[in-house]
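Hi there,

Here's the structure I promised to pass on. Have a look at it first, and then read my notes below with it open beside you.

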Protein chains: 2
Amino acid sequence: MRPREFDHDALLRIAFDQVWRKGLRGALLSDIAREAGVQRGSLYNAFGSKEALFLAAYDRYAGDYLGAVEQALGGGTLRDSLTAFFDMTIRNFRSGTPPRGCPTTRGLMELDSSSSADAALHDQAREAFAALLTRIIALIEGAFARAASRGEFSSDAAAAAWQIVTVTRGLAVLERAFDDEAQLRKIAAHTIDLLLGKSDRAA
Amino acid sequence: MRPREFDHDALLRIAFDQVWRKGLRGALLSDIAREAGVQRGSLYNAFGSKEALFLAAYDRYAGDYLGAVEQALGGGTLRDSLTAFFDMTIRNFRSGTPPRGCPTTRGLMELDSSSSADAALHDQAREAFAALLTRIIALIEGAFARAASRGEFSSDAAAAAWQIVTVTRGLAVLERAFDDEAQLRKIAAHTIDLLLGKSDRAA
DNA sequence: CCATGTTCTTGACGTCGTGTCAAATATTAT
DNA sequence: ATAATATTTGACACGACGTCAAGAACATGG
């Protein structure tokens, strides 16, 4: 039983950072190995394949992101929660220089069954992306439901949650197209107004 | 002056079909060349690079898609126009077996500056994607403006147009995540309701 | 009708990243 | 100490991209 010579968790961070900045195609195993001070072969021994490594790295990120969503949705009025959620999400898209965009959205769009050697791993990756979205929807729906019980909201909480997550995915795409953060924030504010009504907006 | 031995337009169709089904990474120049009955070298002679070929193929598609948008938004009430627009868009995402998704959205998310050898071409591709979205927004905004002049709509036409395009991009992402066309249609209907009000819905 | 020049096509080559494997190495357990 | 087991290493084959010189096909001018 020879022990690993590299920090498993640090490697996942290095790998995800590369994927976030350069995409699945652009992230090179040779770069990751060099940055981590190991040989490529060790990565195959530890993870089995490039995709499996990236999947493990993504799971790590997904947990962090979900925690940030929970925190953003945590307190205050429904409008405050949604504003904080959009704010956090847009800040996440725009982090880094140049902005790295949304890893979940990019990962989803880069998926294609034909290019993946292992079909099971391909499905597992899609599950991981979908699972994060599903959990986010559940959290948002919960925020709407709580607000409804306080009399702050009276429409379909599930429909509202889907609407919001759809818009965040759209924002992730527009971010790549236009590189205009003010426009993203305008759209987010407009979405909130549509769902909650413009009338009860804070002064 | 030796003439080309292949049909330029047919080649673009073949290339775009490959990209649409397999993505930018998955689309192989060797497959395209074989399908078109030419050698890879001829493609480089005609287009200069893989990206330039795909860009030309995309421009062809963008024109077709924009025409379909114009037609969908053409007649009837604003609600009819928007319904037709979402319907056409979702049908486009779901065409093919398996569904091919949205090429514009996928193309945008696959863009990354570090992996492209030629920075000018990279920017040109982003411009092409952004230009299509901008034109679609203008068309939708026009539909809202016309409806406003008929008294069918009284809010901010530009904000409404951005909202709709953002949602369509979000739908393109959710399509990849969940493979659930009914859910996509629900979200689209909900978006229309939010913008136009649920009250004046057709019986 | 033939020669010339220009463009297109062909096939081979170098490069890069991936994935695999056998040999070497470093621990743990007996 | 020795055997057993897991990890690391470096070399290898493969596939796709991009380049290039040489050959092929056509238009033009004589």
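Around DNA strand D, H3 of chain A, helix H2 (29-36) of chain B and H3 of chain B each supply at least two residues of the nearby protein surface. The largest share comes from H3(A), with three residues. Keep in mind as you read that this is a predicted model.

How many residues surround DNA strand D? There are 20, and the closest are Met1(A), Arg2(A), Glu5(A), Arg40(B) and Tyr44(B). Sorted by class, the surface near DNA strand D has nine nonpolar, five polar and six charged residues. As for the DNA side, 66% of the atoms of DNA strand D within 4 Å of the protein belong to sugar or phosphate, and the rest belong to bases.

A few atom pairs are worth finding on your screen. Try Arg40(B) to begin with: a polar atom of its side chain sits 2.8 Å from a base oxygen of DNA strand D. Two other residues point you to the phosphates. In Gln39(A), a polar side-chain atom lies 3.1 Å from a phosphate oxygen of DNA strand D. With Leu29(B), it's a polar backbone atom that is 3.3 Å from a phosphate oxygen of that strand.

Now for the other strand. DNA strand C is surrounded by 20 residues, and the closest are Arg2(A), Tyr44(A), Met1(B), Arg2(B) and Glu5(B). Of the strand C atoms that come within 4 Å of the protein, sugar and phosphate account for 69%. Which helices each supply at least two residues of the surface near DNA strand C? They are helix H2 (29-36) and helix H3 (40-47) of chain A, along with helix H3 (40-47) of chain B. H3(B) gives the most, namely three residues. By class, you'll find nine nonpolar, five polar and six charged residues on the surface near DNA strand C.

Here, too, you can look up single pairs of atoms. Arg2(A) has a polar side-chain atom 2.6 Å from a base oxygen of DNA strand C. Met1(B) does it with its backbone: one of its backbone N or O atoms is 2.5 Å from a base oxygen of DNA strand C. For a phosphate, go to Gln39(B), where a polar side-chain atom lies 3.0 Å from a phosphate oxygen of DNA strand C.

Next, away from the DNA topic, a pair of helices in chain B. When two helices pack, people describe them by the angle between their axes and the distance between the axes. The axes of helix H4 (residues 50-72) of chain B and helix H5 (residues 78-94) of chain B come within 8 Å and cross at roughly 150°. Angles over 145 degrees count as roughly antiparallel, so that is what H4(B) and H5(B) are to each other. The crossing of H4(B) past H5(B) is right-handed.

Which residues meet there? From H4(B) come Tyr61(B), Tyr65(B), Ala68(B), Val69(B) and Ala72(B), and they meet Ser81(B), Ala84(B), Phe85(B), Met88(B), Thr89(B) and Asn92(B) of H5(B). This contact has eight nonpolar, three polar and no charged residues.

Last, the overall picture of chain A. It has nine helices and zero strands, so to speak α-α-α-α-α-α-α-α-α from the N terminus on. Its C-alpha trace spans about 65 × 35 × 30 Å along the principal axes.

Cheers

Key: Residues numbered from 1 in each chain as written. Chains lettered and ligands numbered in written order. Predicted model: local features only at pLDDT ≥ 70, side-chain atom pairs only at ≥ 80, totals over all residues. Heavy atoms only, no water. Near = heavy atom within 4 Å. Polar contact = N/O pair within 3.5 Å; in protein donor to acceptor, adjacent residues only side chain to side chain. Helix = DSSP H or I, 4+ residues; strand = E, 2+ residues; numbered from the N terminus. Nonpolar A, V, L, I, M, F, W, Y, C, P; charged D, E, K, R; others polar. Axes fitted to C-alpha atoms, helices over the stretch in contact; angles between N-to-C directions. Parallel < 35°, antiparallel > 145°, perpendicular 65-115°, else oblique. Left-handed = near helix turned anticlockwise from the far one by under 90°. Contact = heavy atoms within 4.5 Å.
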